[in-house]
Amino acid sequence: MTDTQQLIRAVAEADSPARMVTAVQKLAAAKDTAAIPTLIASFGYNNPGAAVAAVAGLTELGEVAVPQLLENIDDYNYGARAYSIRTLAAIGDPRALEVLLTASATDFAPTVRRAAAKGLGFLQWHKLPATLRVTAQIKAMDALLALTQDSDWSIRYAAIVGLQSLAKIPNLQSSIKTRFKEMLASDAEKAIRARVLLAQSVTSDQ
Amino acid sequence: MIEPSAEEYLVESTQPLTPEQATANLRSSDLSLRYYAAWWLGRFRVRSTEAVDALIAALEDEADRTELGGYPLRRNAARALGKIGNMRAVPALIKCLECTDFYVREAAAQSLEMLRDPSAATPLMQLLAGGVAAAIQVPGRPHLTQPYEAVLEALGAIGATEALPLIQPFIEHPVPRVQCAANRAMYQLAQDPQYGERLVKVLDNSNLQLRRVALGDLGAIGYVAAADAIANATVENSFKLIALKGLLESQLNEESEALSLTDDAIRILNLMDSLL
């Protein structure tokens with residue numbers, strides 16, 4: 001049995017929440033692609049410590065974990081789903097674009113939608129072929145602009161964070177700046193207007 | 001006792017209503033329609049004179065009773081009036097503080113907290129009569145003799161500094177949630193960080209519900225020194241975001257029109273970003 005297989009077995013055999021956290025942390029630290037399915041599965045154990053360790057481990061593995069992350073999103077457990085979306089957002093692989101678009105617009109759980117909205121701003125666009133890049137960026141921006149009208153302030157907040165990052169892309173900047181101005185003038189929540197102010201102070205330097 | 005709510009648990013109703021229909025339904029012969037209408041008017045914050053009048057009238061409803069003598073419609077009407085925010089409801093809500101139904105008294109105290117009318121301070125203080133010694137569990141019921149949490153929070157929100165000596169002993173009340181409410185009120189009235197720090201300590205408690213309560217309290221009092229402890233608490237991110245939003249808003253209060261960002265505000269925003 002390889003070291004990784006032993007570590008995977010330790011996760012399966014963990015008989016307390018604390019042991020589970022330790023086992024997942026050790027497995028994540030192994031940085032072995034063979035650990036990917038077990039790390040993803042640990043999102044569903046309702047053990048936040050283990051899930052956070054798994055997010056960190058998968059994010060470190062990066063691109064190589066993306067296909068399995070995309071294929072194993074848990075449609076029946078929004079807690080687990082939020083960790084998947086958070087990991088995809090942190091890795092920033094643009095293959096996650098469609099999943100993030102759908103999650104940000106249609107998921108019933110705000111925690112999933114916030115993670116997806118933030119993620120739409122932080123995709124590594126240079127990994128897309130130049131022919132697809134512009135269309136993909138505009139799709140992400142349009143989705144986030146729509147979310148700035150959401151009735152839930154926390155969704156609007158996440159949309160601003162995503163848009164602030166997208167404003168680095170020259171041909172998107174003017175649409176985003178226009179929307180920021182509108183929000184600063186009209187959003188009912190002071191916290192949202194404050195986040196817009198911060199975003200404006202960052203984007204005006206660009 | 002009402003749990004703090006995160007949006008995850010909001011359930012949207014499917015029954016279509018208009019403000020006019022809901023107002024009319026408050027006088028329906030079908031008691032369940034009345035009950036639902038009162039909730040609906042609060043949920044959608046219907047501010048028309050007719051709706052407020054009808055809800056105030058519903059605070060004296062005698063038709064809708066539970067087996068234990070409770071007044072379900074009065075409870076919902078009292079809750080709705082707090083959300084709607086019309087000060088005309090204050091005298092009627094104060095009267096509800098003497099209702100025989102614990103949950104009506106609780107709902108009235110919570111709504112008076114939202115309305116923040118100083119005239120409610122003395123009647124609220126009367127519910128603290130007898131102090132901690134009288135604040136015991138009612139045999140066979142899941143609540144204390146009075147809605148102490150709501151009363152303490154209301155006195156803090158109203159800024160009733162005259163209540164300070166009455167509130168302070170409740171910091172040692174055996175029920176942790178009552179302790180939290182007392183610390184929250186004491187911080188609001190005395191602006192002494194020791195009360196904020198007591199709430200920060202609760203974020204390490206083994207009970208998740210209590211950690212959520214403390215988050216809500218810290219957000220409500222805008223205790224900025226708690227920002228990092230809130231962000232690191234073992235509680236769902238939705239609750240942490242709401243608490244940090246409370247801190248942020250306390251930082252933005254002074255500059256109401258021309259919003260500007262302090263260093264603390266930027267620090268809080270960065271923490272909120274990390275929780276998305």
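Biologist: What is the relative accessible area of Trp39(B), and which exposure class follows from that value?

Modeller: Exposure is read from relative accessible area: under 20% is buried, over 50% is exposed, and values in between are partly exposed (1.4 Å probe, protein chains only). Trp39(B) has 30% and therefore counts as partly exposed. This is a predicted model, in which local features need pLDDT of at least 70 and side-chain atom pairs count only at pLDDT 80 or more, whereas totals for chains, interfaces and linings use all residues. Residues are numbered from 1 along each chain as its sequence is written, chains are lettered from A and ligands numbered from 1 in the order in which they are written, and side-chain values use heavy atoms, without hydrogens and water.

Biologist: How many aromatic pairs does the structure hold, and which geometry has the one between Tyr36(B) and Trp39(B)?

Modeller: Rings of Phe, Tyr and Trp (its six-membered ring) pair if their centres lie within 6.5 Å; planes under 30 degrees apart are stacked, over 60 edge-to-face, the rest tilted. Over all chains there are 8 such pairs. Tyr36(B) and Trp39(B) form a tilted one, with 5.7 Å centre to centre and 40 degrees between the planes. Both residues belong to helix α2 (residues 31–43) of chain B, 3 residues apart, about one turn of the helix; helices are DSSP runs of H or I, at least four residues, numbered from the N terminus. Tyr36(B) is buried, because its relative accessibility is 18%.

Biologist: Which parts of chain B does the pair of Tyr187(B) and Tyr223(B) tie together?

Modeller: This pair is edge-to-face, at 5.2 Å centre to centre and 75 degrees between the planes. Tyr187(B) lies in helix α11 (residues 176–190) and Tyr223(B) in the loop between α13 (208–221) and α14 (227–232), so the pair ties together parts 36 residues apart in sequence. Both tyrosines are buried.

Biologist: Over which ring does Lys245(B) lie?

Modeller: A charge sits over a ring if NZ of Lys or CZ of Arg is within 6 Å of the ring centre and within 35 degrees of the ring normal. Lys245(B) lies over the face of Trp153(A), 4.9 Å from the ring centre. The charged end of Arg43(B) sits over the ring of Phe44(B), at 4.8 Å from its centre.

Biologist: Which residues does Gly156(B) contact beyond its neighbours within four places in sequence?

Modeller: Contact means heavy atoms within 4.5 Å. Gly156(B), in helix α9 (residues 148–158) of chain B, contacts Ala185(B), Gln188(B) and Leu189(B) beyond those neighbours. Gly156(B) is buried, because its relative accessible area is 5%.

Technical notes: Helices (H or I, at least four residues) and strands (E, at least two) are DSSP runs, numbered from the N terminus.
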